[in-house]
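Q: Please take me through one pairing in this model up close. Then work outward from there to the rest of the fold. Short sentences are fine.

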Amino acid sequence: MRSIFPSFYLLGVWLLFTVQSSRAQEISIKLEKAYEAFIASPALSNGMSSFTVRNSSTGEVIFEKHSQIGLPTASTLKVITAITALDLLGEDFSFKTTLSHTGEIDSLGVLHGDLIVEGTGDPTLGSERYANTKPEVILNRFKEGIIQLGIKEIQGRLIADDHLYNGYVVPGTWMWTDIGNYYGAGLSSLNWKENKFGVRFTPQRAGQPASISPVDETHFQLINEVQTGSIGSGDNVYGYTAPYSNVVYLRGTYGQDLKKTIEISSPDPALDLALDLANVLRRDSIQIHDTVTTAKRLLNEKKNLPVKKRTIITTVESPDLGEIVHWFNQKSINLYGEALLKAIGGISANTFKTQDAAELVGKYWQGKLQIAPSEIRTFDGSGLSPQNRVTTHAMSKIMYYAKKRPWFESFLKSLPQINKTKMKSGTIGGVLGYTGYQQSNDGQEYTFSLLVNNYQGSASQMRQHMFRLLDSLK
């Protein structure tokens, strides 16, 4: 007797395929109508948008418009940097910072040598975001290691060894109006407090100077040219400085009713760390008789770094990469993106140059997913560079790839919840973007990437237009 089960099985497969095809067609029609309404907005009369939607189960593209046109990404680039780092380095990867010394410690506790803090690019060192990375925790750990060795006096130098990345660097494609502010802080192999410092203002009458509240002693001159803005005008303060500058200018306006600490990028975070550690040691009567400096400053002065054997006192490890990626995407911290990009370059090709590492990211996805090099042309790891160009076809394909990886849950948790959708946003002048995952009412999940360039009107209005388009996936 012939079995009837194969016939029922084939019928079931056919019915499932038919239902899925019908759903895909319905959502495609729905998206087409929503997209036509979207681009009809006067805000896009001289702009460009790119939109790609994939079935999260199969990766199939169910809707795309201008998906092969490379557009500026703003911070949506962070998902590509994060996914590349997780895939290449693993979610358990961590950065290491060592405290060591050269020379010998005599019976009186005098170190006849140098004290050296050497970094490998940890962007979380001294950050307030994690319990074990706070400045006081790190400094006390270093101090306790020194005390346990019986060191009571240092005849040599205290050196912050930041030579690995050739000192403190800023991507060459970043804008001058950005790099003096916390979000434009550059990167060192020895970062400290996210390479920023806070300034508090006391506003006066509108149009009058806004005075600075007392700040901690710094190794640079702070010149305040900020005026008091009208009530409700908010924060329009900008810092202007550059790596190793001795002067930081503060310009713009500070709202009369504003109560906010303004965060400015530091000209030399490695030196900040060295000076903070020196102060902590002095409070415990541990004196440093020679200079407090950095490796880069020594090299600039044509002085050699210590080549003698270094004895490790203690090693500090950063949080795991999965935890770093969390704040990287949640708070869109550009510094973290540049640190991850350097790590990608160092691990994959032993290069720490930003441009080289950015090109390696494109090559990685060319080899992994056959994405054409022209679809990922980037100049940094965070998206702050206005020259970055990525297609939504490439971005959505990488986002879909992430769903199949063992570290996906860590990545998914890192994405903010925006408009009831797990997605990463991006904003720079004239550019807005969103990329993420959306589950529809019928249980189907979609992976999408949406970029808009040269829109007119306010960013808040453009966001609402984009949200209405993305709501069609719900």
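A: Start with one bridge: Gly 198 has Glu 263 of β15 as its partner. The model is a predicted one. Gly 198 belongs to strand β9, which covers residues 196-202. Between β9 and β15 there are five bridges, and the two strands run antiparallel.

Now widen the view to the sheet. It is open, has three strands and follows the order β10-β9-β15. Its pairing is antiparallel. The two edges are β10 (211-212) and β15 (261-265). Each of these edge strands has a single partner, so one side of each lacks a neighbour in the sheet.

A second open sheet makes a useful contrast. It has four strands in the order β4-β5-β7-β16, and its pairing is mixed. Here β4 (104-105) and β16 (287-288) are the edge strands. Each has a single partner strand, so one side of each has no neighbour in the sheet. β16 pairs with β7 (residues 153-154) in the parallel sense, over two bridges. Within this pair, Glu 153 sits opposite Gln 287 of β16.

Next, the nonpolar interior. The largest nonpolar core holds 44 residues. The members that touch the most others are Ile 80, Ile 83, Leu 321, Leu 340, Trp 365, Ile 398 and Phe 411. Helices α2 (77-89), α7 (321-330), α8 (334-349), α9 (354-369), α10 and α11 (408-414) each contribute at least two residues to this core. α2 contributes the most, with eight residues. Take Ile 80 as a sample. Beyond its neighbours within four places in sequence, Ile 80 contacts Val 361, Trp 365, Val 390, Met 395 and Ile 398. A separate second core has 27 residues, including Val 117, Ile 146, Ile 154 and Ile 288. Ile 154 falls in β7, and Ile 288 falls in β16.

Helix α10 (residues 392-402) also carries Ser 396. Ser 396 has 0% relative accessibility, so it counts as buried. Setting aside residues up to four places away in sequence, Ser 396 touches Thr 52, Arg 54, Thr 447 and Ser 449.

Thr 52 and Arg 54 lead on to Val 61. With residues up to four places away left out, Val 61 touches Thr 52, Val 53 and Arg 54. Val 61 lies in strand β2 (residues 61-65). Val 61 is partly exposed, because its relative accessible area is 28%, between the limits of 20% and 50%. For a sense of distance, take Val 61 and Gln 227. They are 166 residues apart in sequence, and their C-alpha atoms are 52 Å apart.

Last, the protein as a whole. It contains twelve helices and 24 strands. The C-alpha trace spans about 95 × 70 × 35 Å along its principal axes. Of the 474 residues, 51% are buried. Consider contacts between residues at least 6 apart in sequence: 70% of these join residues at least 24 apart. The accessible surface is about 21,500 Å², and carbon and sulfur atoms account for 51% of that surface. There are 48 positive and 45 negative charges, and the mean positions of the two sets are 5 Å apart.

Methods: Residues are numbered from 1 along each chain as its sequence is written. This is a predicted model: local features need pLDDT of at least 70, side-chain atom pairs count only at pLDDT 80 or more; totals for chains, interfaces and linings use all residues. Side-chain values use heavy atoms; hydrogens and water are left out. Buried means under 20% relative accessible area, exposed over 50%, partly exposed in between (1.4 Å probe, protein chains only). Contact means heavy atoms within 4.5 Å. Two strands pair if DSSP finds at least two bridges between them. Accessible areas come from the Shrake-Rupley method with a 1.4 Å probe; for residues, only the protein chains shown count as cover. Lys and Arg count as positive and Asp and Glu as negative; His and the chain ends are not counted. The place of a charge is taken as NZ of Lys, CZ of Arg, CG of Asp or CD of Glu. A nonpolar core is a set of buried Ala, Val, Leu, Ile, Met, Phe, Trp, Tyr and Cys residues joined through side-chain atoms within 4.5 Å.
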